[in-house]
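Student: I am new to this structure and would like to be guided through it. Could we proceed by questions and answers?

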Amino acid sequence: MEGNKPLFDFRIDEEGKEELTELARWTKFQSIAVLTMIVLVILFFLFAWNRLGAAFSTVDGDEARSLVLILAVIVLVIGTVIGLMMYFLLRSSNRIRTAIQMQDRQLLNKGLNDLRIYFAIFGVISILALFSNLISLL
Amino acid sequence: MNEHSSGTNEKFMEELHLDETGKMHLRSVASWAMVIVVTSVIGYLVSIFQALNPPAADEYAAEGFDKVLNYGNSIGGTIFYVMIGLLVNYFLYRFAARSKSSIDGIDSVSLNSGVRSLKIYFAITSILMILAFLLILFTMTIFIR
C-alpha cells in the first residue's frame, strides 16, 4: 500500500521547487511591504490627529472630531483585516520555503493551507465589495 | 560510494510530493482565486457602466456632499484602471485554471506554469500596491498641510 503512494501523489520537480521558492519570495515581499504600509498609516494618523480635525474645518468642531474618529475606526478595521491577511501570506511564504528546503510534505501542506486562508479572506472581501458596488448602482 | 551518493541524490530530487491534503488545499486556493477573478471582472463592468453613466452633480448635493468631493469616474481613468486590473487578474485566472487542470491530470508542467503565473501576479500587485501607497501618502500629506 505504502509503495503505491507516489503513484497517487503529485511529484514536485526541480522547476516546481524553484517556482515555489520564487513565489514564496514575492509573497514575503508583499506581506512585509503591506504590513509596513499599515504601520505607516497608523503612525500617520497618530501624528496628524490634530491636523486632520483642522482639515475638516468646513464642518463644526464636534462634527469634525466625530468625522476623524469614524475615519480612524474605518482605517483600524481595514488595517486589522489586511494585517490578518498578510499574516497568513507571510506564514505561508515562510512555511513553503522551509518545506522546499527541508523536503517536508506536512509543512508544505500547512503553507498551502495558509495561502488558502489568505485567498478565502480575499475572496469574501471581493464578494462584499462587488455587492456594495452593485448596491451603489441602484 | 558513488551508488550511495547517487541514491541519496535521487531520493533528494524525488522526495517532495503533493499528497491528497496538499492537492485539496491547492484546489481550494485555485477555486478562491477564480472567485476573485470573476468578482473583479464583474466589478470592472460595473465601473465602466458607472463611468459611462455618471450621476448628475445635483444627486451628490442631495446626498449631502459638496461638489468638491465629486471626483466622479473619468472614462480615461476607468479604462486605465480596468486594463491594469484585467492584466493582473489574467495571471490569477491562469494560475487557477492551470492548477486545477494540473491536479486533475497529475501534470507537473501545468502546475509549474500555474505557480509561475501566481508569482507574476504577486510581483505585479506588490509593485502596484507600493506605487498606490506612495500616491496616497503624498495626497494625504498635501491634504493635512
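Tutor: Let us begin with a term: pLDDT is the predictor's confidence in each residue, from 0 to 100. This is a predicted model, in which local features need pLDDT of at least 70, side-chain atom pairs count only at pLDDT 80 or more, and totals for chains, interfaces and linings use all residues. Residues are numbered from 1 along each chain as its sequence is written, while chains are lettered from A and ligands numbered from 1 in the order in which they are written.

Student: Which element of chain A has the highest mean pLDDT?

Tutor: Chain A averages a pLDDT of 86, and 87% of its residues score at least 70. Helices (H or I, at least four residues) and strands (E, at least two) are DSSP runs, numbered from the N terminus. Among these elements of chain A, helix α1 (residues 5-8) has the lowest mean, 50, and the highest, 94, belongs to α5(A).

Student: Where in chain B is confidence highest?

Tutor: The average pLDDT of chain B is 82, with 76% of the residues at 70 or above. Over residues 1-13 of chain B the score stays under 50. The lowest mean, 46, is found in helix α1 (residues 2-14) of chain B, and the highest, 94, in helix α2 (residues 20-52) of chain B.

Student: What pattern does chain A follow along the sequence?

Tutor: The secondary structure of chain A consists of five helices and one strand. In sequence order, these elements give the pattern α-β-α-α-α-α.

Student: What share of the 145 residues in chain B is buried?

Tutor: A residue is buried if 20 or more other C-beta atoms lie within 10 Å of its own, exposed if 12 or fewer, and partly exposed in between, with C-beta atoms placed from the backbone. By this criterion, 27% of the 138 residues of chain A are buried. For the 145 residues in chain B, the share is 25%.

Student: What span does helix α2 of chain A reach from its first C-alpha to its last?

Tutor: Helix α2 of chain A covers residues 14-47, a total of 34 residues. The expected span of a helix is 1.5 Å times one less than its number of residues, and for α2(A) this comes to 50 Å. The model is close to that value, at 49 Å.

Student: Is T27(A) buried or exposed?

Tutor: T27(A) lies in helix α2 of chain A, whose buried residues include L20(A), L23(A) and V34(A). Two residues are in contact if their C-beta atoms, placed from the backbone, lie within 7 Å; leaving aside neighbours within four places in sequence, T27(A) is in contact with L89(A), S92(A), S93(A) and F122(B). Because 29 other C-beta atoms lie within 10 Å, T27(A) counts as buried.

Student: Which element supplies the largest share of the side of chain A that touches chain B?

Tutor: In the complex, 46 residues of chain A are in contact with 42 residues of chain B. On the chain A side, β1 (10-11), α2, α3 (49-55) and α5 (105-137) each supply at least two residues. The largest share, 18 residues, comes from α5(A).

Student: How many residues of that side of chain A are nonpolar?

Tutor: Ala, Val, Leu, Ile, Met, Phe, Trp, Tyr, Cys and Pro count as nonpolar, Asp, Glu, Lys and Arg as charged, and the others, Gly among them, as polar. On the side of chain A that touches chain B, eleven residues are charged and nine polar, while the nonpolar residues number 26.

Student: What is the bridge partner of R11(A) in β1(B)?

Tutor: Two strands pair if DSSP finds at least two bridges between them. β1(A) and strand β1 (residues 17-18) of chain B pair in the antiparallel sense over two bridges. In β1(B), the partner of R11(A) is H17(B).

Student: Why does G114(B) count as buried?

Tutor: G114(B) has its place in helix α5 (residues 108-144) of chain B. Leaving aside neighbours within four places in sequence, its contacts are R94(B), F95(B), R98(B), S99(B) and S102(B). R98(B), 16 residues away in sequence, is 5.1 Å from G114(B), C-alpha to C-alpha. G114(B) is buried because the number of other C-beta atoms within 10 Å is 28.

Student: What ipTM does the predictor give the complex?

Tutor: Two values are given for the complex. The pTM is 0.83, and the ipTM is 0.85.
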